[in-house]
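Trainee: I should like to understand the terms used to describe this protein. May we go through them with the structure in view?

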Amino acid sequence: MRFGILGPLAVVQDGNEIPLTAGRDRVVLAMLLLHAGRIVTPAELVDAVWEEDPPATARAQVQTCVSRLRRLLEPGTLFTDPAGYGVSIADDDVDAAVFARLAGEARALSDTAPVEASKLFREALSLWRGPALSGLSSPAVRRRAAVLDEEYAATVEDCIDLELDAGRERDLVSELTGLVERYPLRERLRVQLMLALYRTGRQSDALAEYRRARDRLDEELGIEPGAALQDLHRQILSGEISQAPAARGVVRPVRNLPRTVGDFIGRDEMIGKLVRAAEDATVLAIDGMAGSGKTTLALRVAEILGAAYPDAQLFIDLHGHSEHEPLDTNAALLALLRQLGVQPERIPTDLDGRAGLWRTELSGRRVLVILDNAASSAQVARLLPASAASLGIVTSRRRLMGLDGIHPESLPMLDEAEGVALLRRIAGPRVDAEPEAAVEVVRRCGRLPLAIRLAGARLAHRPRWGVADLVRRLGESALPELAAEDRTVASAFALSYGQLSVRAQSVFRLLGLHPAGRFGAPAVAALTGLALEDARDLLDDLVDVHLLEDPEPERYRLHDLVRQYAAILAEALPPEERRSALAALVDFHLHVGTRLARDRESDIAVEDFPDEPPARPELVEVAAGDADWLEHHRTVLVPLVRTAAAIGQPGRAWRLARVNWRFLFQRGYFADVLATCQAGYEAALGAGDEHGVAVMNNYLASGYYRLGRVEEALPRVRAMLDYQIRVGSRAGEARARGNLGAVLMHMGRMSEGLEQSRLSHRGMERLGRRIATVSRRMDMANGKVFMGRYREGLWHGRIALQGVAEAKADYFLPSALLVVSEARRGLGDLDHAERLAQAAVLAARRQGIATDESEALNVLGGVTFEKGRPAEAVELHLAALELGRDQGRMSHVARYSNDLARALRAVDDVPGAIEMHRQALQAARRASHRLQEGRALSGLAVCLADTDPDAARRHWRQALEMFTAMGVPDRFEVERMLRGLDR
């Protein structure tokens, strides 16, 4: 099957054309063929078919068009991708690709085999049946078709150049006359026609052709003929032109691009995007931070696209970010015109005159111009090529948002693999010998190409160094080491910093104080003392010049090396200014955490919250209204706690950890719980704050408990209890006893744990702490269920659930639903149990409580299993297990693995069940979870009973000993199984 787009759209199979009568189908197929080799999005197809006023069913209609085309075309020709649609055809199956191949081969042979090149040009031109995709009026199709038509005209010109060189002007006069009528504004064709006329003895006709060209250009464009036409006209008048074939000497292509680096590496995705964008755009804009490789990338793209712009390839450094003053537009135009070969006496002195001459010179030519290191949109606006036949590539450290009709791309850092490859290219094979050290070098260079080049240069010039030696030299602050002669990363940043406004410089310096380098606008407003809107505006300024990154709206971060540079600047600030700014930042985060925690917390725990009001309540209000605030700022917490301690505010340090605990705990970030609370503990201990030490011990215990490290949790929670008893705090004592009860029950000491939970519940009830009382009631319900006392567990659980509803304590709702579900399940009321577990899943997801979600999924899996749906139970237990593993909760991983093993056994996957029980056994032992350890042993025994009864007997006896010591009902089932095995 063949496709034709060099003329009316045509589809031919076995010599017969397949009719395409539906106009929309023709537009859709044309768009896919015009963009062969890439995916065309539904939005692009909708725009092509309907332009500005698509119907509500546009996407559905596009799908219908594609379906119709699939029925007409060979199977597999059209394919669907998640991003849109594409065509899968060989290059020789579409005439435009054959044309491009032949024309490219011809150009490659132009200098060495002109006769063969001319034949190839003529073969390529013979493929054209008229204007590309004539008959289709879609603007999107016409824009791309215009590029093909331009390629046709340029190829004709190249071919005629060769034939004029060969002395075939008599054969070409009539063809050129028709071409000039078809393309009246193409000056190169006019030059060729004048030359052919002159050489055939028609000097007066050649001069008349010049007058017609001049009049047409003046009438339609208001410009004078270009340099080539004027030079030929002058030569004919003066008799200086030779009769010998020398047409191509009249318009000599200009190549003025600097050399590309020999060690260019990576950037394949970005290069692909830019090359594809050049199909439709006339200007590509590449922005990025200092040292990111913008110029190198631009030159690489120019190298790839160069053959499509044979008339001239120009380069100019606009000094937008350098030690020199930015080049003004007038001077830049002068330089570009001189690069094109325009004589100085022809170049006007005024800006408008030079801009007009620049447009004239580019008219009818295919020119690529790189405008490097632009300072602003205004600097480059009049330098950009206006013709669709030419391409401009602009690079800048600033986002050029003032330019219309451009294709912008922001250049990211290299990925690690690209960074290591670049280091290897510069420093040699030593890099391969130390792969881990090489990755560390790339990381310490922030994956910034300039930094990697400088680091690689240091290594290359020190043959005795290993890569690990370079890592040690880079240390924790790599910036001072990244230098080679007069090139440094710091100086590159300094140029960007020096061009900021005074206010933006002040904000940038203060950002160097931020302990984590990630922040939102309200936090920056607190740090700098600015109004929120002013902070946002200045942050946008820093983003625009790539001294700051904005990976998401209203989320900002400093690149590692930029952060080091900002920190160097911040060190020069007066100590009191630094301390004041950091204190304001700590105050802000403390009160945002407090505000968000109050709705999540039990009424027993808020006594540890700060009493004083926030310094900037309006900023706290904005941050607290962001549902994802804590999620995005959780990595800031440990550095902030340490910062608070460092500036002499240990009380705020441990309270920062305290107020953010509930969020971290319920989202399953237990490693963060430990890190944050450990930092708070150290601050309180260093300050001799006994209360702070006790509170941090309590929350450290919670992290250890959830991670299954109960042997470490137990002394922490006992220390909390001892302190509260010693200071006579009844509320604190009740709180500590409840936590102690949970730890003891986890360890299998059920009776002791239940007693502590009962004492805690009684204490809360006497104090009138409503929500805390409900929480302890749930603890008792769970304990009763674990011990198989389901009716007692149901009684406690229903009271707890009622209390949660009355107090509107939504964060406790999933836990309350689950304990009632477990009790119902134990009593055999599976329908009720299933509905309650389903409600718990929904409630946990609605509240964003990952720990409760995994628990609810596992409970639902257990109920589903007992209702005779083991395959469904496998999926639910698997989902719970994945969440549990992500959270690092070893005790829960043990339980979920045991439950999954039981379901696998029921679907006849005994090897899978054995593996999961073994994993459960390992997790339970790591977590000191005696109940799940016993259940893992019992489950293994069930799996092995038929094949290895001796091993099964050993496992059951170990499990029975554990279950008997804990007093849980599992012992009765194990006793029954052992009796059966013995018989």
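Mentor: The exchange below takes up confidence, a helix pair and a sheet.

Mentor: This is a predicted model, in which local features need pLDDT of at least 70, side-chain atom pairs count only at pLDDT 80 or more, and totals for chains, interfaces and linings use all residues. Residues are numbered from 1 along each chain as its sequence is written, and side-chain values use heavy atoms, with hydrogens and water left out.

Trainee: What is the average pLDDT of the protein?

Mentor: The average is 87, and 96% of the residues score at least 70; pLDDT is the predictor's confidence in each residue, from 0 to 100. Over residues 243–252, however, pLDDT stays under 50.

Trainee: Why is helix α4 called roughly parallel to α6?

Mentor: The axes of α4 (residues 95–109) and α6 (residues 139–165) cross at roughly 30° and come within 11 Å. Angles under 35 degrees count as roughly parallel, so α4 is roughly parallel to α6.

Trainee: Which residues of α4 meet α6?

Mentor: Ala96, Phe99, Ala103 and Arg107 of α4 meet residues of α6, including Leu148 and Tyr152; contact means heavy atoms within 4.5 Å.

Trainee: What makes β6 and β11 edge strands?

Mentor: The open sheet has six strands in the order β6-β8-β9-β10-β7-β11, with parallel pairing. Two strands pair if DSSP finds at least two bridges between them. Strands β6 (254–255) and β11 (407–410) each pair on one side only, and are therefore the edges.

Trainee: How many bridges join β9 and β10?

Mentor: Strands β9 (residues 367–374) and β10 (residues 391–396) pair over five bridges. Within that pairing, valine 369 has glycine 392 in β10 as its bridge partner.

Terms used. Axes fitted to C-alpha atoms, helices over the stretch in contact; angles between N-to-C directions. Helix = DSSP H or I, 4+ residues; strand = E, 2+ residues; numbered from the N terminus. Parallel < 35°, antiparallel > 145°, perpendicular 65-115°, else oblique.
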